[in-house]
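Please open the model in a viewer and keep the selection tool at hand. The stops below follow one another, each beginning with what to select.

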Amino acid sequence: MSQAKLAHHFESVEQQFDTAKLGMWIFLLTEIMFFSVLFVAYTVYRASHADAFQYASQFLDTNLGAANTLLLLLSSFTAAWAVRCAQLGQKRGLMLNLLVTVVCALGFMGIKYHEYSHKYHEGLLWGGARHSIFKADPAQVLPEMKHGHEGGGESVWESHHVETMDPALKKQVGIFFGIYFCLTGLHGIHVLVGIGVMLWLLWRASRDHFGPDNFTAVDLGALYWHLVDLIWIFLFPLLYLIS
Amino acid sequence: MAASPASDHAAEHGLGHVLPVKTLAATFAALVALTLLTVFTGKMDLHGFDLAVALIIATIKATLVALIFMHLRWDRPFNGLVFLITILFVGMFLALTVTDRSQYERDIHRFDRAHPAEAPTGE
Amino acid sequence: MTHAHDPSLNYLNCRKGLRSWLGTLDHKRIGVMYMWSIIASMILGGILAMLIRAELWAPNNGDPAQAVLSQDTYNQFFTLHGAIMIFLVIIPSIPAALGNFVLPMMLGAKDVAFPRINRLSYHLYLIGAALLVVSILTGGLDTGWTFYAPYSTTTETSVVVAVFGAFVLGFSSIFTGLNFIVTIHKMRPPGMGWFKMPLFLWALYATSIIQILATPVLGLALMLIAVERIMGVGIFNPELGGDPVLFQHLFWFYSHPAVYVMILPAMGVLSECFATFSRKHIFGYRFIAYSSIAIAIFSFIVWGHHMFVSGQSQLASVIFSALTFSVAIPSAIKVFNWVATMYKGSVSLDTPMLYALSVIWLFGIGGLTGLFLATLSTDIHLHDTYFVVAHFHFVMVGSALFSFLAGVHYWWPKMFGVMYREWPGRIACAVSFVGFNLTFIPQFLAGTHGMPRRYWDYHPMYEPYNKVSTIGAVILGLGLVWALVNLLRSFGSGRQAPANPWGAATLEWMTPSPAPPHNFDFAPAVGDPYDMDLVRYDESIDGYVPVRPHPDDPHIPLVEPAEQEDEQ
């Protein structure tokens, strides 16, 4: 296992490690502030249009959301385990854990892709009247929608017929999906970056770059990955579980 | 891979703190249980407390991830402080903006009622 | 520690060629490149300002034939003037240029914590600047620098490119702030506790807090504008049920604190200048230090004072108005302490000090007129008039830019190892000062009489104010060009700068000018940064030398033995 390289401007490996870690935490801080914009937008609209959000949220598949939550939690677990393996110099364990993390992340993106394409086909998009369900032919959309979401025989479509729907509600549903796509899209970009980071760590691990004295990169990569998980932990109930 | 109490000592490896697999696995199990719980409570009608319950569960999960997976419990306290300060600022941002919006919401409705013709049509 | 190296080798001549500059990891070189880029941007922004003033020289009486610029061109010019001056000049001016150069040296360190991220920050600055230029070439930008929705989501100009540029520049700013915070936390030398840091570092620390907490919010808010334009998501579009006031909240959550990104480091430069040129320990060190942090925190809870007439609710306006007044307290604490520092000091009126003294006047006016605007009832009258324009120019140009010039003149000898000529520097400062006041004091008057900002034309009653203002702008421009020419001439004819020309006691002066590649040949011992008794004037070099030089390095004063042990 290789030793940590000490950059010329540091006095000790410990100082270098602490510095890198504080830098990562401050980067995570900026990430949280980044997402906070959309959380503020979400809160503002949810506070003023609770009904529309409740209505729109029913078009999201809770089971898929929960499955994605579990995938991210598992990947977070393996990422934390990977750090432990790196600290103890267990190369095989490290690589295995990183691999599971990547696979879970890919699974997450796969489910996300399924959800996005489903919504695209049904016109469940942003922008009120311009792109959304409400332009689509209700006769065509209806059977699939009934099939698509849980709640027994009674469809939300029956209580709110598209033709007679209040235009204000239509617009608010559009806003909900606008925020849904922005939030999950931004999160998805972070997952993709995370996959890149994990693959890079995997490549470095395969070349024996990490050891008990040199695991900073794994530690920081895992911190980033946990933050991605942390954001999703809040996104899931806020988007999928509005009842 | 058995967890040994000795690995609690950060000094053992100089840098950072090595977490036993048992702790990690227990945390993961708790997170999964809480996820199932939140899906379950999400399907119940909690008479207006749905959001509160969902957010409390999410906060507990986030705390577990931050304290254990992200090592904050054993890390330098300042890193935890950075995290807390961020949450504080997000809270401040949220509180002031939402306060304002909840206040001028009435102005929007008043305007819409007074000028039905000018209200945006959505086209 | 490179003990045995060629004493003629410094960070400027150790490597040559353009690639050695663009690819450098050395904080000093990055700081210097930032400085030249900022000066170039300032010239571009200044030319736009001159064209705006030329247009406002005389009223057009509503007739485009009488105008110097067409309406659309005028809109684009004031937008670009604002965007360039804010994002490319004032925000990075002191932190990224002077801060990068000075911060590690003040800590006695060899570099910032993350040199690669520092370089990335500069490259992002270049990319962001290029994107802004691209937006000029591909249809311009006419939204004002504030990008208010829904106009910014519907106008035909190239908003997407511009917001992407601002987004990239935001990351440049975030990375600088991140670097500074970590550097100050983790790389202070033994013996330098928080309250032995020079006040410039406190100011940079407070600035960095704002940069990392607020800038991401701007980044995403601007990205949402781009997303609205490209994909039609309606979060800010009232036609789709969105809320344009929400954009203003998101925008000002960053952009109000951004005002303090401009002014806080300026205050740090002033603290250094007043102590050094009064040859006296800074008065009220802890008060100045704490007031920097206080300003940083207050800056986050006052943003709504930009929105008093935007449709913001009365309750929020009252809260924001009341909170805004609180910012006056730490700002005044600083000014009083600077004045008290000069009291009974032996004040020398060198060029940096003249700029610093100008700032007391300019910041006094800029700050106090801010109180008029913080007051709800007067703001309703003054909002969007030239009073606001004059107010923020007094703060951003009068205070931040003049402090930048103070800092450039102060650290110039350390950067390039040459002394500029003192008298032309002083006169240039005086000319700029006169020109500045002539430009903007009439705008206060025009504003109180109701002249609206951002208009291409005005009522003939405002003509006298605008005439004086344009004349003042020309004088201000001459003063700034003069200062720049004087600085540039020092490369040819300036005398060799001593290590410590001003007699300051902070660490960056304890190494030769220009600095060696790794800043210090011998780790400096940490003393009180404002203990002016550590150095004495030496006539033979026209500079200051330690009273008791360290046996290993003549530039470094020997400090108390207790701290000496700490150091080893």
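Begin in chain C with two helices in contact: Ile90(C), Ser93(C), Ile94(C), Leu98(C), Phe101(C) and Val102(C) in α3(C) meet Met396(C), Ala400(C), Leu401(C), Ser403(C), Phe404(C), Gly407(C), Trp411(C) and Met415(C) in α13(C). Two residues are in contact here if their C-beta atoms, placed from the backbone, lie within 7 Å. By class, this contact of α3(C) with α13(C) divides into 11 nonpolar, 3 polar and no charged residues. Ala, Val, Leu, Ile, Met, Phe, Trp, Tyr, Cys and Pro count as nonpolar, Asp, Glu, Lys and Arg as charged, and the others, Gly among them, as polar.

The model is a predicted one, in which local features need pLDDT of at least 70 and side-chain atom pairs count only at pLDDT 80 or more, while totals for chains, interfaces and linings use all residues. Residues are numbered from 1 along each chain as its sequence is written, and chains are lettered from A and ligands numbered from 1 in the order in which they are written.

**The axes of the first pair**

Select residues 71-106 of chain C for helix α3 and residues 386-416 for helix α13; their axes come within 10 Å and cross at roughly 20°. Helices (H or I, at least four residues) and strands (E, at least two) are DSSP runs, numbered from the N terminus. Axes are lines fitted to C-alpha atoms, for helices over the stretch in contact, and angles run from 0 to 180 degrees between N-to-C directions. α3(C) and α13(C) are therefore roughly parallel to each other, a term for angles under 35 degrees, whereas those over 145 count as roughly antiparallel, 65 to 115 as roughly perpendicular and the rest as oblique. The crossing of α3(C) and α13(C) is left-handed; a crossing is left-handed if the near helix is turned anticlockwise from the far one by less than a right angle, and right-handed if clockwise.

**A second helix pair in chain C**

Next, select residues 314-342 (α10) and 351-374 (α11) of chain C, whose axes come within 10 Å and cross at roughly 165°. That angle makes α10(C) roughly antiparallel to α11(C). The crossing of α10(C) and α11(C) is left-handed. On α10(C), the residues to display include Phe325(C), Val335(C) and Trp338(C); on α11(C), they include Ile360(C), Phe363(C) and Leu371(C). The contact of α10(C) with α11(C) comprises 8 nonpolar, 5 polar and no charged residues.

**The two domains of chain C**

Colour chain C by its domain assignment: domain 1 covers 30-497 and domain 2 covers 504-568. These bounds come from an automatic or database domain assignment. Taken over C-alpha atoms, the centres of domain 1 and domain 2 of chain C are separated by 34 Å. Where they meet, 25 residues of domain 1 of chain C are in contact with 21 residues of domain 2 of chain C. Helices α3, α8 and α13 of chain C each supply at least two residues of the domain 1 side. That side of domain 1 of chain C has 14 nonpolar, 5 polar and 6 charged residues.

**From chain C to chain A**

Which residues does Val182(C) touch, not counting those up to four places away in sequence? Select Val182(C), which lies in helix α6 of chain C; Thr19(A), Leu22(A), Gly23(A), Ile26(A), Ala113(C) and Phe114(C) are its contacts. Val182(C) is buried, with 25 other C-beta atoms within 10 Å; the term requires 20 or more, with 12 or fewer for exposed and partly exposed in between, C-beta atoms being placed from the backbone.

Now extend the selection to the whole contact, in which 30 residues of chain C touch 30 residues of chain A. On the chain C side, α6 (159-186), α7 (199-231) and α8 (244-278) each give two or more residues. The most come from α7(C), with 9 residues. The chain C side divides into 20 nonpolar, 6 polar and 4 charged residues.

**Chain A and its contact with chain B**

Display chain A alone: its secondary structure comes to 8 helices and 0 strands. Of the 243 residues in chain A, 49% are buried.

Finally, add chain B; the contact takes 46 residues from chain A and 41 residues from chain B. On chain A, α1 (13-48), α3 (62-88), α7 (167-206) and α8 (216-240) each supply at least two residues. α1(A) gives the most to that side, with 17 residues. The chain A side divides into 27 nonpolar, 10 polar and 9 charged residues.
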